[in-house]
Structures are given as structure tokens and as C-alpha cells.
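Subject: Structure handover

Hello,

Please find the structure below, with the sequence. My notes on what was found in it follow.

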Amino acid sequence: MTGKLTFRAAGAAAVALAVAVVVAACATTNSGQDTGTPTASSSSTATTSPRPTATASSTAVPIEGQCDTGKLTGSIGRGGGGAAGSVEVSLVLTNTGSTECSLQGWPGVSFVGDGNGTQLGAAASFDRSKPHPTVVLQPGGTATAPLKITQALNYDEAECKPKAADGFRVYPPGSTESLFVKDAGVTACTSDTISLLTVGGLVAG
């Protein structure tokens with residue numbers, strides 16, 4: 001009788017040990033589930049500057065040989081003049097690299113201010129009325145896009161909420177990296193329901 005009890009006790013201990021192993025395995029499996037605390041893999045990537053709206057870039061996928069934003073500089077040049085309540089200038093992108101590169105499409109443009117790159121108002125809309133061929137830039141070469149700037153004073157001050165801008169944030173077509181183009185003589189509407197900017201496709205020149 002004692003032998004049978006010993007055998008039963010040993011069997012019960014084995015069953016208890018098996019159950020403990022199963023529970024421990026389940027706990028290990030569930031430990032990787034989302035508990036509401038971000039893990040290293042789910043943390044967001046920091047960006048140096050906020051990106052404009054969906055109109056920031058005309059090309060979702062970069063073209064072959066596309067210019068590296070870090071090897072481009074931007075400036076504002078003479079444009080086609082102005083019309084009632086607006087002025088047109090040229091946005092000029094220059095290849096400062098040592099090899100040729102290409103651009104194609106519309107650059108994303110928005111006003112920035114506050115001395116820290118804060119976007120002011122809505123990003124530029126695209127003027128798609130003219131061709132936008134691929135532009136090949138040799139080292140030192142330039143591509144230009146017409147940029148129409150509507151005067152903020154055309155709008156009711158309470159609606160526009162005008163503010164002096166520092167210049168423009170520009171995203172070359174197909175790029176998620178931007179460059180800053182200084183132009184202290186422009187005024188933005190800080191309301192994101194008003195777009196003062198219209199940009200055309202890049203062309204050689």
C-alpha cells in the first residue's frame with residue numbers, strides 16, 4: 001500500500017511540474033504582446049522639420065538619378081511679373097554636387113516662419129497646365145519653377161491671420177528631405193484654409 005501511495009504522489013508531482021512548464025511557456029509567449037508601452041521597434045522616427053501636406057511632393061517614387069536634396073541649393077529669382085493681387089517669381093534649384101542629376105515634376109513649397117522653420121498656412125497647389133519634362137542638371141546647372149504668390153492683403157485679416165514669413169520650405173520632387181529658401185519680403189496667411197502659393201513644374205534654366 002505504501003508503494004502505491006508513493007507512486008501516486010510521484011505521478012501527481014510530475015503532472016504539477018508539467019502544468020508549471022506549460023504556464024511558464026504561455027507567459028513567455030504573451031510577454032511580447034502590446035501592453036500599451038511603445039517598444040524600440042514601434043517608436044516613431046524624429047524629423048528635423050514638419051512636412052507640408054500631401055502636396056509636398058509630386059512624385060511618390062524617386063526617378064532614376066534623382067538629385068540628392070543635400071546637394072541642391074534654392075533661391076528666388078525674377079519671374080513673369082505680377083497680376084492684380086499677386087506676384088510671380090522663379091524658384092531656382094541649383095546642383096552643387098560634382099555629378100549630374102535629374103529632377104522631374106513639381107516641388108513642394110510652403111511658407112515658413114518664427115525663425116525655426118514652422119510652416120505657416122497651407123502648402124502650395126500645383127499648376128499642371130504646362131509640360132514638366134525630366135530636367136538633367138550638370139554640376140552647377142539649374143532648374144526653375146514659376147511660383148505665384150498671392151498677396152495676403154487680398155483676404156480679410158481675421159480670416160487670413162497674416163504673418164511675415166522667413167522664406168520657403170522646398171521639397172524637390174520625389175524627396176522627403178527639404179531645403180530652406182530665404183525670402184524675408186513675403187507675408188503668409190497662417191490659416192491653413194487659404195493657399196497663397198501656386199507652383200509650376202520644373203524646367204531647365
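P62 sits in the loop that runs between α1 (2-30) and β1 (72-83). This is a predicted model, and what follows should be read as such. P62 has a relative accessible area of 47%, so the residue counts as partly exposed. Its C-alpha atom is 9.9 Å from that of S102, although 40 residues separate P62 and S102 along the chain.

S102 itself belongs to strand β3 (residues 101-103). With a relative accessible area of 11%, S102 is buried because the cut-off for that class is under 20%. Beyond its neighbours within four places in sequence, S102 is in contact with two runs of residues: I63, E64, G65, Q66 and C67, and then T134, V135 and V136.

Some figures for the whole protein may help to place this. There are two helices and 14 strands. Of the 205 residues, 35% count as buried. Among contacts between residues at least 6 apart in sequence, 77% join residues at least 24 apart. Three further examples of residues far apart in sequence are set out below.

Contacts between distant parts of the chain

- S125 and S195: S125 is found in strand β6 (residues 125-127). The C-alpha atoms of S125 and S195 are separated by 7.3 Å, with the two positions 70 residues apart along the chain. Not counting residues up to four places away in sequence, S125 touches S195, L197, T198 and V199. S125 is partly exposed, at 32% relative accessibility.

- I194 and G121: I194 lies in the loop between β12 (187-189) and β13 (197-200). Its C-alpha atom is 7.0 Å from that of G121, and I194 and G121 are 73 residues apart along the chain. Is I194 buried or exposed? At 5% relative accessibility, I194 is under the 20% cut-off and therefore counts as buried. Its contacts, leaving aside neighbours within four places in sequence, are A122, Y155, E159, C160 and C189.

- G85 and A152: G85 is in the loop between β1 and β2. G85 and A152 are 67 residues apart in sequence and 8.6 Å apart in space, C-alpha to C-alpha. G85 touches I149, T150, Q151 and N154, again not counting residues up to four places away in sequence. A relative accessible area of 25% makes G85 partly exposed.

The second largest pocket

Several of the residues just named come up again here. I149, T150, Q151 and A152 are among the residues that line the second largest pocket. The others in that lining are I76, V87, V89, L153, D183, G185, V186 and T187. The volume of this pocket is about 170 Å³. Which strands supply at least two residues each of its lining? They include β2 (86-95) and β8 (142-150). By class, the lining has seven nonpolar, four polar and one charged residues.

Backbone points to check by eye

Most residues other than glycine have a negative phi. Two residues here do not follow that pattern.

- D114 is not a glycine, yet has a positive phi of about 65 degrees. D114 lies in the loop between β4 (108-113) and β5 (118-120). At a relative accessible area of 42%, D114 is partly exposed.

- K161 also has a positive phi, of about 55 degrees, and is not a glycine. K161 lies in the loop between α2 (157-160) and β9 (162-164). Its relative accessible area of 51% is over the 50% cut-off, so K161 counts as exposed.

Aromatic rings

The structure holds two aromatic pairs. Separately, R128 lies over the face of W106, at 4.6 Å from the ring centre.

That is the list.

Regards

How values were computed. Residues are numbered from 1 along each chain as its sequence is written. This is a predicted model: local features need pLDDT of at least 70, side-chain atom pairs count only at pLDDT 80 or more; totals for chains, interfaces and linings use all residues. Side-chain values use heavy atoms; hydrogens and water are left out. On a 1 Å grid over the protein atoms alone, a cavity is a set of points where a 1.4 Å probe fits but cannot get out, and a pocket is an open set with protein on both sides within 12 Å along at least five of seven lines; lining residues have an atom within 4 Å of a point. Grid points are joined across faces, edges and corners, and a volume is the space filled by probe spheres set on the points. Helices (H or I, at least four residues) and strands (E, at least two) are DSSP runs, numbered from the N terminus. Ala, Val, Leu, Ile, Met, Phe, Trp, Tyr, Cys and Pro count as nonpolar, Asp, Glu, Lys and Arg as charged, and the others, Gly among them, as polar. Rings of Phe, Tyr and Trp (its six-membered ring) pair if their centres lie within 6.5 Å; planes under 30 degrees apart count as stacked, over 60 as edge-to-face and the rest as tilted. A charge sits over a ring if NZ of Lys or CZ of Arg is within 6 Å of the ring centre and within 35 degrees of the ring normal. Buried means under 20% relative accessible area, exposed over 50%, partly exposed in between (1.4 Å probe, protein chains only). Contact means heavy atoms within 4.5 Å.
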